Amino acid sequence: MRWVVVAALAAVGFGSAAPAARADVKTGREALRKGEWTGAEAEFKKAPAAEKGPALLGLGELYLLTGRYPEALQQATQAAALPATKGAALRLAGEIHRETGRMADAVKQFQAALALNPRDLRARVFLGIALHETGQGALAEKTLDLFFQDFNAGKIDAKQADQLTYTAMAARYLEVWQDANGTFQQAAEKDPAFILANLEWGDLFLLKYRADEAAKCFADVLKINPRHPRALVGTARAKVEAEYDVKAATKLADEALKTNPKYVPAFRLKARLELDDERYAPAEALLTQALAVNPADLESLALLAASRYLQDDTAGYDAQKVRALKQNPRFSDFFFIVAELAVRHHRYADAVQLYRQAVALDPKNAAASAALAANLLRLDLSHEAEALKLLAQSFERDGFNVRTFNTLNLYEEVIAKEYETVPGGIFTFRFNKKEKSLLSRYVPRSLQQAWDLYVKKYGFTPKNPITVELFTERQHYGARTIGLPEFGAQGTCFGQLITAMSPSSAEANWELVLWHELAHVFHLQLSNNRVPRWFTEGLAEYETNIAQPYWRREHGRELFLSLRKGDMWKLSELSAAFTRPDRPNGVVIAYYQSSLVIHYLAETYGFPKLVQALKLYGQGKHDAEVLPAITGKSVSVLDGEFQDYLRKRFSHYVQGFLFDQADYPDADAARALAESNPADAVAQAKYAAALLEDEPGQAMLQAWHTLAIDGKNALARYVLARALEQAKNVAGARAEYETLLKQGVDGYSIRFGLGQFAAQSGDVESAARHLAEAKKWDPDRVEPYALLMQLYEAKGRRDDLLKETEAYLDVQEHDHDAARLLVDQYAGDKRWADLARVAARAIGITPMEPFVHQQYGIALAQLKRPAEAIYPLESALAGGVRKPGPVRGLLALQYLLAGDKVKAKAAAEQALKEDPGNPDAAEVLKKAL
């Protein structure tokens, strides 16, 4: 919901009504409001001499909106020469000057308009804003405070949307947030056609990280004027804030630039997105365009400074800082904007220093104070007290910043009451109190193992302690990590802090997640927080891949198809692929491709070269310098070598028949090619393939036609098999698949199809044979495993089901239900070796199930491995196993067998209290005494 209005505004008259406009001007104004630029211009130009002034103003506003600034100023100047429109023309000239960076002239024009009419509220509010933007804070506040004086004197007409909007704008710049929000709401409700209300209201919501409400405001504008540049860019900003949808945002910004080719906010937005991807040259080119239009645009100057800062160009950064602060010595958001970009590039300690400079320049900057607090919380726990104090102060000044509220609420209502901090030497943990007993037994042990391994591999010991915070609820993880509850990741690393979902969620293999995030600690610190995203993500994936064979992603088919098509991302494009993927499932594929690039580099040039790369990144070098330095080859040569590496790695795809419907997107083009080449079986087969998805009947006919030309055309026969399958002609489809095999054509989809048919007919052996071959042709696909599991379960082949489920778990390593099924079944069958093998896998997904620990301990005890059995049995008791007596008795026996008579005796005595007559406990006491 949008915020509640907190004050009713008095309804009083405001000035005199404007004279009625003639039809031409009125029609022009309506066209202007709707974004019909050509029509509006034509109407204004044909206005009669008697309406020259209003027509000039209309043209000036049109040219201002569409970026024709010199023409806009010309119209305003002509209108100012006419007594009836002089005041409005001066105000319009001020707005034009403000848009083009002539701030001193803007102030003069607004002042001149107010000299003519002190009740010109639009001139007054824009004067206040211009004064604010040039660092004249006291005068700006005095000017804007006049709106509150007018309100209290009953001089603001609550029936007029324009007056309400200007009053709300004043409140926004005076940081009276609640009044600003409520008054914008009133204005938008009074007259939705007065679009400035929704434009300003949307910007206010974006300022408070309420992208959902901002989007509604801009949508209301676009319903009236679908070409309004400010609404288009506002919508783009909301999409970035809510979903980081770079593709959609870029498209909207480009649409805005079609209307106004000089629209500075569109250049700024696109530049910011380029900076996120370390594409500094394109970003600076966009900012150069922005500053050519408006040399005084403070945000563009800050973004240009950020680009220089991120490239470690101190002189360049300082030059832009001087330029911006000369324009507005009180522009604390300069440091805020640079800090935001530093955060995007993992430079959290740098961001803290920048936010401190923002707060030092303007202690009332609540957003900077809140951001400083958020980033202090990302460093280590030693900064927590200072950060929480800053958050509380920020909230007092601005209670509508959603991130501030969420973070403060998390600490006061959740962390303080439900979580406990557990020191652990190198690590400091924050666990939910209800989960501490088990998490403290497993998480530190696993992370210590990873730490020891990484210290040895990287030859580097990161600054520590490393704080690891594990959250039971996803909204709490989101609030801690980004200040917002909607956050879909499993874990996040900030260099010396890791936040993640608790293993109790059983959403993913928690060990994989934490090993991945801990790897980032080494990468970020060793590179001085300058490693590019593709490299650190790929290297973290690589580390988990080699730690456990089943800790891997399965996207080989997608990547190979991209390789085959020739649209696989180049090394220079990989970081951007994470933020602006151009294909379905693109971000996940970016992770996968990055990991394979690291595999290729490590296997070809050796792991020490990767460590060297991190150090070079830490010196401020980039991919174009780093990759040749560690390999001796250019990036373009490495691209080619990587493709060769993939062809070898994906030899099963290269050698097999692999059909991709996306290769045949245009049926009309395929038909034209087939018609122009009637004897060409390849062209005929491609046409059949293009028809398959939407017209399987026609595809079948075309496939038959093709096979009449060339009976060994594999594509045509495969299309025929698929079309017959869709027509429920199983026998016919099976026959075509078998013919393909006889002709020497084999591959995943052929074998899977035959496996499906065999399973449907109950032929278990044939299904198993074909599906086993399908797995060879595509090891990443889960469907063969799932189909065999269903088949074995239906046929009561329990041993085969369990064996297949274990194989399935190697592909679906996060599947808790599959792991738990194996534990339960092996425990019931007393298959101790099998149970010992899979119980560890189940614990790797969630360690919060006492029954699993109990059964794991029993299995190890039965296997005569008492030293190993002790830990899971202790864990079962720590987790609150339902019947502790028998577990403790068995634990006592393991203590004894391991040679610890003291613990054995104590455990046995306690077991007999819980389970009188427990045989294990009795035996222990007999032997111990």
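No disulfides turn up in a search of the whole structure, which is a predicted model. Two of its cysteines can be placed by their accessibility. C217 has 0% relative accessibility, under the 20% cut-off, so C217 counts as buried. C493 has 7%, also under 20%, and therefore counts as buried too.

Next comes the sheet. It is open and has five strands. Their order is β1-β2-β3-β5-β4, and the pairing is mixed. Strand β1 (419-424) and strand β4 (491-493) form the edges. Each of these two pairs on one side only. From one strand to the next, the twist averages 15°.

Strands of a sheet pair through backbone hydrogen bonds, in either the parallel or the antiparallel sense. Strand β3 (residues 466-471) and strand β5 (residues 497-501) take the parallel option, over five bridges. Look at F471: its bridge partner in β5 is M501.

A helix packs on this sheet: α26, residues 510-526. Helix α26 touches β2 (427-432), β3, β4 and β5. Its direction makes about 15° with that of β4.

Now move on to a pair of helices. How do α27 and α30 cross? The axes of α27 (residues 533-547) and α30 (residues 586-605) come within 7 Å and cross at roughly 75°. That angle lies in the 65 to 115 degree range, so α27 is roughly perpendicular to α30. On the α27 side, the contact includes R533, W534, F535 and Y542. On the α30 side, Y591, V597, I598 and H599 are among the residues involved. The residues of this contact divide into nine nonpolar, five polar and three charged.

Technical notes
Residues numbered from 1 in each chain as written. Predicted model: local features only at pLDDT ≥ 70, side-chain atom pairs only at ≥ 80, totals over all residues. Heavy atoms only, no water. Pairing = 2+ DSSP bridges. Helix = DSSP H or I, 4+ residues; strand = E, 2+ residues; numbered from the N terminus. Axes fitted to C-alpha atoms, helices over the stretch in contact; angles between N-to-C directions. Contact = heavy atoms within 4.5 Å. Disulfide = S-S within 2.5 Å. Buried < 20%, exposed > 50% of the residue type's maximum accessible area, 1.4 Å probe, protein only. Parallel < 35°, antiparallel > 145°, perpendicular 65-115°, else oblique. Nonpolar A, V, L, I, M, F, W, Y, C, P; charged D, E, K, R; others polar.
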